[in-house]
Amino acid sequence: MHVMLTNDDGIHAPGLGALFDAFSSRHQVTVVAPDRERSAVGHGITLHQPIRFEETRVNGGMAGFAVSGTPADCVKLGLAELLDTPPDLVVSGINPGANVGINVNYSGTVAAAKEAAMAGIPAMAVSIISPGDRHVGAAARFAEALSRRVTGQALPAGTFLNVNFPDLPMDRIRGVRWSRQGAGGVARHFEKRRDPRDRIYYWQGCDSQSADDPPDVDGAALGNRYISITPIKCDMTDYDALRELARWNIPVTP
(Lines give C-alpha, C1' and ligand atoms only; values in the text may rest on other atoms or scores of the structure.)
Protein backbone atom coordinates (compact mmCIF):
# COMPACT_ATOMS: atom_id res chain seq x y z
CA MET A 1 0.00 0.00 0.00
CA HIS A 2 0.86 3.65 -0.24
CA VAL A 3 0.22 5.03 3.25
CA MET A 4 0.15 8.66 4.29
CA LEU A 5 1.02 9.33 7.94
CA THR A 6 0.14 12.46 9.88
CA ASN A 7 -0.59 13.59 13.44
CA ASP A 8 -1.30 16.63 15.62
CA ASP A 9 1.82 16.44 17.81
CA GLY A 10 4.30 17.48 15.15
CA ILE A 11 6.64 15.69 12.81
CA HIS A 12 9.18 14.95 15.56
CA ALA A 13 6.67 13.14 17.83
CA PRO A 14 7.61 9.60 18.96
CA GLY A 15 4.18 8.21 18.06
CA LEU A 16 4.56 9.26 14.44
CA GLY A 17 8.02 7.72 14.33
CA ALA A 18 6.62 4.45 15.68
CA LEU A 19 3.99 4.37 12.92
CA PHE A 20 6.66 5.07 10.32
CA ASP A 21 8.79 2.16 11.59
CA ALA A 22 5.81 -0.21 11.58
CA PHE A 23 4.49 0.74 8.14
CA SER A 24 7.67 1.44 6.18
CA SER A 25 8.86 -2.17 6.39
CA ARG A 26 5.84 -3.31 4.31
CA HIS A 27 4.50 -0.24 2.53
CA GLN A 28 5.41 2.93 0.70
CA VAL A 29 5.04 5.69 3.29
CA THR A 30 4.69 9.46 2.92
CA VAL A 31 4.74 11.63 6.04
CA VAL A 32 2.88 14.94 5.99
CA ALA A 33 2.67 16.35 9.50
CA PRO A 34 2.59 19.69 11.33
CA ASP A 35 5.93 21.36 11.92
CA ARG A 36 5.00 21.83 15.60
CA GLU A 37 2.46 20.56 18.12
CA ARG A 38 -1.14 21.27 17.09
CA SER A 39 -3.05 19.37 19.75
CA ALA A 40 -6.75 20.06 20.36
CA VAL A 41 -7.17 22.26 17.29
CA GLY A 42 -10.11 20.15 16.12
CA HIS A 43 -10.92 20.36 12.43
CA GLY A 44 -9.60 23.88 11.99
CA ILE A 45 -8.05 24.88 8.68
CA THR A 46 -5.83 27.82 7.77
CA LEU A 47 -7.53 30.52 5.71
CA HIS A 48 -5.97 33.89 6.53
CA GLN A 49 -2.27 33.16 6.25
CA PRO A 50 -0.10 31.13 3.88
CA ILE A 51 0.62 27.45 4.47
CA ARG A 52 4.27 26.56 4.05
CA PHE A 53 6.05 23.21 4.01
CA GLU A 54 9.60 21.98 4.25
CA GLU A 55 10.99 18.60 3.33
CA THR A 56 12.77 17.32 6.39
CA ARG A 57 14.39 14.24 7.87
CA VAL A 58 13.82 13.30 11.51
CA ASN A 59 16.90 12.12 13.42
CA GLY A 60 18.57 11.16 10.17
CA GLY A 61 15.85 8.61 9.43
CA MET A 62 12.20 9.29 8.68
CA ALA A 63 11.73 11.74 5.82
CA GLY A 64 8.62 13.81 5.36
CA PHE A 65 6.92 17.13 4.79
CA ALA A 66 6.72 19.48 7.79
CA VAL A 67 3.69 21.74 7.26
CA SER A 68 3.01 25.06 9.00
CA GLY A 69 -0.74 24.39 9.28
CA THR A 70 -3.17 22.22 11.21
CA PRO A 71 -3.60 18.43 10.95
CA ALA A 72 -6.54 18.93 8.56
CA ASP A 73 -4.36 21.30 6.50
CA CYS A 74 -1.70 18.57 6.29
CA VAL A 75 -4.15 16.07 4.84
CA LYS A 76 -5.71 18.57 2.45
CA LEU A 77 -2.32 19.81 1.21
CA GLY A 78 -0.89 16.31 1.03
CA LEU A 79 -3.74 14.98 -1.09
CA ALA A 80 -3.97 18.03 -3.34
CA GLU A 81 -0.32 18.99 -3.84
CA LEU A 82 2.41 17.00 -2.11
CA LEU A 83 1.60 13.41 -3.09
CA ASP A 84 1.93 12.37 -6.72
CA THR A 85 -0.89 9.83 -6.38
CA PRO A 86 -3.63 9.41 -3.75
CA PRO A 87 -2.68 7.10 -0.88
CA ASP A 88 -4.50 3.85 -0.20
CA LEU A 89 -4.78 4.79 3.48
CA VAL A 90 -4.23 7.71 5.85
CA VAL A 91 -3.19 7.00 9.45
CA SER A 92 -3.11 9.78 12.04
CA GLY A 93 -1.22 9.39 15.34
CA ILE A 94 -0.09 7.86 17.54
CA ASN A 95 -1.50 10.47 19.90
CA PRO A 96 -0.15 10.40 23.49
CA GLY A 97 -3.48 10.52 25.32
CA ALA A 98 -6.80 8.86 24.60
CA ASN A 99 -9.25 10.35 22.11
CA VAL A 100 -12.56 9.00 23.37
CA GLY A 101 -15.95 10.41 24.22
CA ILE A 102 -16.37 14.16 23.84
CA ASN A 103 -12.64 14.62 23.22
CA VAL A 104 -13.15 13.24 19.71
CA ASN A 105 -14.70 16.62 18.88
CA TYR A 106 -11.56 18.54 19.87
CA SER A 107 -8.86 16.21 18.61
CA GLY A 108 -6.57 17.22 15.77
CA THR A 109 -5.58 13.56 15.47
CA VAL A 110 -9.17 12.54 14.79
CA ALA A 111 -9.76 15.53 12.50
CA ALA A 112 -6.91 14.47 10.21
CA ALA A 113 -8.47 11.03 9.74
CA LYS A 114 -11.87 12.63 9.21
CA GLU A 115 -10.45 14.93 6.54
CA ALA A 116 -9.10 11.91 4.68
CA ALA A 117 -12.44 10.10 4.94
CA MET A 118 -14.20 13.18 3.59
CA ALA A 119 -11.90 12.95 0.58
CA GLY A 120 -12.81 9.30 0.04
CA ILE A 121 -9.58 7.83 1.47
CA PRO A 122 -9.76 5.03 4.07
CA ALA A 123 -8.42 6.38 7.35
CA MET A 124 -7.66 5.62 11.00
CA ALA A 125 -6.93 7.82 14.00
CA VAL A 126 -4.70 6.06 16.53
CA SER A 127 -4.16 7.07 20.17
CA ILE A 128 -2.77 5.54 23.36
CA ILE A 129 -3.93 6.51 26.82
CA SER A 130 -0.42 7.20 28.15
CA PRO A 131 1.35 10.54 27.70
CA GLY A 132 4.61 8.58 27.35
CA ASP A 133 5.89 6.28 24.61
CA ARG A 134 6.51 2.99 26.43
CA HIS A 135 4.10 0.94 24.32
CA VAL A 136 3.74 2.94 21.11
CA GLY A 137 5.80 0.41 19.14
CA ALA A 138 3.36 -2.41 19.88
CA ALA A 139 0.40 -0.13 19.20
CA ALA A 140 1.91 0.86 15.85
CA ARG A 141 2.40 -2.77 14.84
CA PHE A 142 -1.23 -3.51 15.71
CA ALA A 143 -2.32 -0.48 13.66
CA GLU A 144 -0.34 -1.75 10.67
CA ALA A 145 -2.00 -5.17 10.91
CA LEU A 146 -5.43 -3.55 11.29
CA SER A 147 -4.77 -1.36 8.24
CA ARG A 148 -4.58 -4.42 6.02
CA ARG A 149 -8.10 -5.38 7.15
CA VAL A 150 -9.33 -1.82 6.62
CA THR A 151 -8.13 -1.67 3.02
CA GLY A 152 -8.94 -5.31 2.26
CA GLN A 153 -12.55 -5.26 3.45
CA ALA A 154 -13.47 -1.63 2.67
CA LEU A 155 -14.94 0.77 5.19
CA PRO A 156 -18.29 2.35 4.32
CA ALA A 157 -17.89 5.60 2.42
CA GLY A 158 -17.37 8.54 4.77
CA THR A 159 -16.53 6.35 7.77
CA PHE A 160 -13.15 6.10 9.50
CA LEU A 161 -11.86 4.22 12.55
CA ASN A 162 -10.92 5.80 15.87
CA VAL A 163 -8.54 3.39 17.61
CA ASN A 164 -7.47 3.77 21.25
CA PHE A 165 -4.98 1.64 23.19
CA PRO A 166 -4.56 1.04 26.92
CA ASP A 167 -1.12 1.91 28.28
CA LEU A 168 -0.18 -1.74 28.62
CA PRO A 169 2.01 -4.36 26.95
CA MET A 170 0.06 -6.48 24.49
CA ASP A 171 0.08 -9.57 26.74
CA ARG A 172 -1.92 -7.64 29.35
CA ILE A 173 -4.54 -6.28 26.95
CA ARG A 174 -7.77 -8.29 27.18
CA GLY A 175 -8.74 -8.01 23.53
CA VAL A 176 -10.39 -5.71 21.01
CA ARG A 177 -13.79 -4.16 21.57
CA TRP A 178 -15.88 -2.44 18.89
CA SER A 179 -17.18 0.55 20.80
CA ARG A 180 -19.52 3.50 20.46
CA GLN A 181 -18.40 7.02 21.18
CA GLY A 182 -19.17 8.16 24.70
CA ALA A 183 -21.64 11.04 24.92
CA GLY A 184 -21.25 12.17 28.52
CA GLY A 185 -21.61 15.79 29.53
CA VAL A 186 -18.83 18.27 28.91
CA ALA A 187 -16.65 18.86 31.97
CA ARG A 188 -16.15 22.56 32.53
CA HIS A 189 -13.15 22.59 34.79
CA PHE A 190 -10.77 25.53 34.97
CA GLU A 191 -8.04 26.05 37.53
CA LYS A 192 -7.92 29.70 38.52
CA ARG A 193 -4.52 31.22 39.27
CA ARG A 194 -2.85 34.61 39.67
CA ASP A 195 0.37 35.69 38.00
CA PRO A 196 3.13 37.70 39.72
CA ARG A 197 1.38 40.91 38.65
CA ASP A 198 -1.82 39.80 40.38
CA ARG A 199 -3.68 39.20 37.12
CA ILE A 200 -6.05 36.25 36.96
CA TYR A 201 -5.48 33.47 34.43
CA TYR A 202 -6.83 29.96 33.93
CA TRP A 203 -5.64 26.47 33.03
CA GLN A 204 -8.35 24.43 31.36
CA GLY A 205 -8.92 20.95 32.76
CA CYS A 206 -9.04 17.75 30.72
CA ASP A 207 -12.26 15.89 29.96
CA SER A 208 -12.11 12.18 30.61
CA GLN A 209 -14.46 9.26 30.02
CA SER A 210 -15.49 7.17 32.99
CA ALA A 211 -14.78 3.44 33.12
CA ASP A 212 -18.19 3.14 34.84
CA ASP A 213 -19.95 3.79 31.52
CA PRO A 214 -21.61 0.83 29.73
CA PRO A 215 -18.99 -1.62 28.44
CA ASP A 216 -19.70 -0.81 24.79
CA VAL A 217 -18.61 2.84 25.29
CA ASP A 218 -15.11 3.71 24.06
CA GLY A 219 -13.73 5.09 27.34
CA ALA A 220 -15.10 2.19 29.37
CA ALA A 221 -13.60 -0.36 26.98
CA LEU A 222 -10.26 1.39 27.27
CA GLY A 223 -10.46 1.53 31.06
CA ASN A 224 -11.22 -2.19 31.14
CA ARG A 225 -8.00 -2.99 29.26
CA TYR A 226 -9.43 -3.41 25.77
CA ILE A 227 -8.30 -1.82 22.54
CA SER A 228 -11.28 0.34 21.62
CA ILE A 229 -12.18 0.75 17.93
CA THR A 230 -15.01 3.12 17.05
CA PRO A 231 -16.33 3.64 13.50
CA ILE A 232 -17.10 7.35 13.07
CA LYS A 233 -19.16 8.89 10.27
CA CYS A 234 -18.39 12.22 8.66
CA ASP A 235 -22.11 12.79 8.05
CA MET A 236 -23.29 14.28 11.35
CA THR A 237 -26.98 14.43 10.42
CA ASP A 238 -29.31 13.13 13.15
CA TYR A 239 -31.64 11.11 10.91
CA ASP A 240 -34.03 10.18 13.72
CA ALA A 241 -34.47 13.87 14.55
CA LEU A 242 -34.76 14.71 10.85
CA ARG A 243 -37.74 12.39 10.47
CA GLU A 244 -39.37 13.86 13.56
CA LEU A 245 -38.70 17.47 12.61
CA ALA A 246 -40.08 16.91 9.13
CA ARG A 247 -43.53 16.71 10.80
CA TRP A 248 -43.23 20.26 12.09
CA ASN A 249 -45.28 22.81 10.20
CA ILE A 250 -43.01 25.86 10.05
CA PRO A 251 -44.46 28.80 8.08
CA VAL A 252 -42.23 30.96 5.91
CA THR A 253 -43.60 34.11 7.52
CA PRO A 254 -44.34 34.64 11.25
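## Exposure and the model

Partly exposed means a relative accessible area between the buried limit, under 20%, and the exposed limit, over 50%. Asp-216 has a relative accessible area of 34%, so this residue is partly exposed. The model is predicted.

## The sheet

An open sheet is built from 9 strands. Their order is E3-E4-E2-E1-E5-E6-E7-E11-E8, and the pairing is mixed. Strand E3 (53-58) and strand E8 (175-178) are the edge strands, and each pairs on one side only. From one strand to the next, the twist averages 25°.

At the E8 edge, the partner is strand E11 (residues 226-233). E8 and E11 run parallel and are joined by 4 bridges. Trp-178 stands opposite Ile-229 in E11. Helix H3 (residues 108-118) packs on the sheet. H3 touches strand E1 (2-6), strand E5 (89-96), strand E6 (123-128) and strand E7 (159-165). The direction of H3 makes about 170° with that of E6.

## Nonpolar cores

In soluble globular proteins, nonpolar side chains tend to be buried together. Here the largest nonpolar core has 34 residues. Which of them touch the most other members? They are Leu-5, Phe-23, Val-31 and Val-91.

Leu-5 has contacts with Leu-16, Leu-19, Phe-20, Phe-23, Val-29, Thr-30, Val-31, Val-32 and Val-91, leaving aside residues up to four places away in sequence. A second, separate core holds 22 residues. Val-75, Val-110, Ala-112 and Cys-234 are among them.

## Salt bridges

Side chains of opposite charge can pair when their charged atoms come close. The structure holds 11 salt bridges. One of them joins the side chains of Asp-35 and Arg-36, at 2.9 Å from N to O. Asp-35 is partly exposed, at 31% relative accessible area. Arg-36 is also partly exposed, at 46%.

Lys-76 forms a salt bridge with Glu-115, with the closest N and O atoms 3.7 Å apart. Lys-76 lies in helix H2 (residues 71-82) and Glu-115 in helix H3, so the pair ties together parts that are 39 residues apart in sequence. Are the two partners buried or exposed? Lys-76 is partly exposed, with a relative accessible area of 38%. Glu-115 has a value of 10%, so this residue is buried.

## A link between loops

Asp-216 returns here with a partner. Its side chain meets that of Arg-180 in a salt bridge (2.9 Å, N to O). The pair links distant parts of the chain, 36 residues apart. Asp-216 sits in the loop between strand E10 (200-204) and helix H5 (218-223). Arg-180 sits in the loop between E8 and strand E9 (190-194). At 42% relative accessibility, Arg-180 is partly exposed.

Elsewhere, Arg-26, Glu-144 and Arg-148 are joined into one network by salt bridges that share partners.

## Gly-69

Gly-69 lies in the loop between strand E4 (62-67) and H2. Buried or exposed? Gly-69 has a relative accessibility of 2%, so this loop residue counts as buried. Gly-69 touches Pro-34, Arg-38, Thr-46 and Ile-51, not counting residues up to four places away in sequence.

Gly-69 and Ile-94 are 25 residues apart in sequence. From C-alpha to C-alpha, they are 18 Å apart in space.

Key. Residues numbered from 1 in each chain as written. Predicted model: local features only at pLDDT ≥ 70, side-chain atom pairs only at ≥ 80, totals over all residues. Heavy atoms only, no water. Pairing = 2+ DSSP bridges. Helix = DSSP H or I, 4+ residues; strand = E, 2+ residues; numbered from the N terminus. Axes fitted to C-alpha atoms, helices over the stretch in contact; angles between N-to-C directions. Contact = heavy atoms within 4.5 Å. Core = buried A, V, L, I, M, F, W, Y, C linked by side-chain atoms within 4.5 Å. Buried < 20%, exposed > 50% of the residue type's maximum accessible area, 1.4 Å probe, protein only. Salt bridge = Lys/Arg side-chain N within 4 Å of Asp/Glu carboxyl O.
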